[in-house]
Amino acid sequence: MSTNRNDSPQPRPRRPRYGVDAPAFPATLGAAGAACLLAAGRWRPGRAALATTGTALLAQTGVYLHTTLCGKLHVWERELDRAGLKGDERLLDLGCGRGAVLIAAARRLPAGRAVGVDLWSGQDQSGNTPEATLANAAAAGVPDRVEVHTADMTALPFADDSFDVVTSALAIHNVPSARARYRAVDEAMRVLRPGGQLLVADFWPMARKYAAHLGQGTLRGLGPGYWYGGPWLGVTLLHAVKKQ
Ligand SMILES: C[S@@+](CC[C@H](N)C(=O)[O-])C[C@H]1O[C@@H](n2cnc3c(N)ncnc32)[C@H](O)[C@@H]1O
């Protein structure tokens, strides 16, 4: 009996991997926690305080890693469901990184398009490249719905009113100056069509300032699943609709 090559099992595509946000942060936190616990094992004076501090730092590292590896993915599944997409929208994700939000959106857009822009900073996300994002889109089965552009979110290369939805997850705060962050928010509104939705997840003080700058929008905490170590680094969602 001959064996047709096409009958042999095909390698399963790997699952998307979205990397670790700001990887130096949990690495430092975890190393400090481990150092405290080691010191507690060696020195009698201050042993209890060192052990408590070390345990607290390692717990925060665990919460951070949970958020970046899976918590934020669940939160965005929920928030994109709440956005009530019809499936034919053009969606833009600012600072898309390896595509955690971009690809979750693309899954909901069988007749639409999910466009990501990024400057691909490896400090802001591990393994951050356009190739990694496109490979994740392929692994998720949505390569034909996703495109990525190398572009600065403060000067978007898109026409006015050209997207139905603009998202951004933990990216605008990475823009160094307040003035440039507001420019990113203004750019998001410029490319959004009247009646289109803006969904920006960022640390609470930032999200509050973006809303004040826009003079509109609702703010909602996204819960423990989006804590970067603890509630003091929790994430808030700004939801705004562009005026008709
Ligand atoms: C913490 S990562 C978040 C990535 C992705 N949104 C997520 O939630 O997984 C922040 C991203 O913003 C990008 N970024 C920072 N400044 C940017 C800018 N001025 N324009 C476009 N992207 C930028 C970084 O390269 C990085 O990919």
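The following exercises, each with a worked solution, concern the fold, the sheet, two helices and the core of a predicted model.

Residues are numbered from 1 along each chain as its sequence is written. Because the model is predicted, local features need pLDDT of at least 70 and side-chain atom pairs count only at pLDDT 80 or more, while totals for chains, interfaces and linings use all residues.

**Exercise 1. Overall fold**

Task: State how many helices and strands the protein chain has, and in what order the elements run.

Solution. Step 1: helices (H or I, at least four residues) and strands (E, at least two) are taken as DSSP runs, numbered from the N terminus. On this basis the protein chain has 6 helices and 7 strands. Step 2: read from the N terminus, the elements follow the order α-α-β-α-β-α-β-β-α-β-α-β-β. Step 3: the C-alpha trace spans about 75 × 65 × 30 Å along its principal axes. Step 4: a residue is buried if 20 or more other C-beta atoms lie within 10 Å of its own, exposed if 12 or fewer, and partly exposed in between, with C-beta atoms placed from the backbone. Of the 244 residues of the protein chain, 40% count as buried.

**Exercise 2. The sheet**

Task: Determine the strand order of the open sheet and the sense in which its strands pair.

Solution. Step 1: two strands pair if DSSP finds at least two bridges between them. Step 2: 7 strands form the open sheet, in the order β3-β2-β1-β4-β5-β7-β6, with mixed pairing. Its edge strands, β3 (146-150) and β6 (218-221), each pair on one side only. Step 3: β1 and β4 are parallel and share 4 bridges; within this pair, L94 has S168 of β4 as its bridge partner. Step 4: β4 (residues 163-169) and β5 (residues 192-203) also run parallel, joined by 6 bridges. F163 stands opposite L192, and A169 opposite A201. Step 5: β5 and β7 are antiparallel and joined by 7 bridges, with L198 opposite A240 of β7. Step 6: β6 and β7 pair antiparallel over 4 bridges, and T236 in β7 is the bridge partner of G221.

**Exercise 3. Strand β4 and residue T167**

Task: Establish whether T167 is buried or exposed, and which residues it touches.

Solution. Step 1: T167 lies in strand β4. All 7 of the 7 residues of β4 are buried, so this strand is largely enclosed by the rest of the structure. Step 2: T167 is itself buried, as 28 other C-beta atoms lie within 10 Å. Step 3: two residues are in contact if their C-beta atoms, placed from the backbone, lie within 7 Å. Leaving out residues up to four places away in sequence, T167 touches L91, D93, V101, A105 and L199. Step 4: T167 and L91 are 76 residues apart in sequence, yet 7.5 Å apart in space, C-alpha to C-alpha.

**Exercise 4. Helices α5 and α4**

Task: Find which residues of α5 are buried, and what they pack against.

Solution. Step 1: helix α5 (residues 178-191) has 14 residues, which at 1.5 Å a residue should span 20 Å; the end C-alpha atoms are 20 Å apart, in agreement. The expected span is 1.5 Å times one less than the number of residues. Step 2: R181, A184, V185, E187, A188 and V191 are buried in α5. They lie on the same side of α5 because they cover an arc of only 155° around the axis, the arc being that of the directions from the helix axis to the C-beta atoms. Step 3: these buried residues pack against β1 (90-94), β4, β5 and α6 (204-214). The face turned away carries the exposed residues A178 and R179. Step 4: in helix α4 (residues 130-139), the buried residues are A132, T133, N136 and A137. Their arc of only 140° around the axis puts them on the same side of α4, where the covering elements include α3, β2 (113-118) and β3. Just after α4, G141 has a positive phi of about 80°.

**Exercise 5. The nonpolar core**

Task: Identify which residues of the largest nonpolar core touch the most other members.

Solution. Step 1: a nonpolar core is a set of buried Ala, Val, Leu, Ile, Met, Phe, Trp, Tyr and Cys residues joined through C-beta atoms within 7 Å. Step 2: the largest such core has 58 residues, of which L94, A105, A106 and V166 touch the most other members. Helix α3 (residues 100-107) supplies the largest share of this core, 7 residues. Step 3: apart from its neighbours within four places in sequence, V166 is in contact with L92, L94, A188, V191, L192 and L198.
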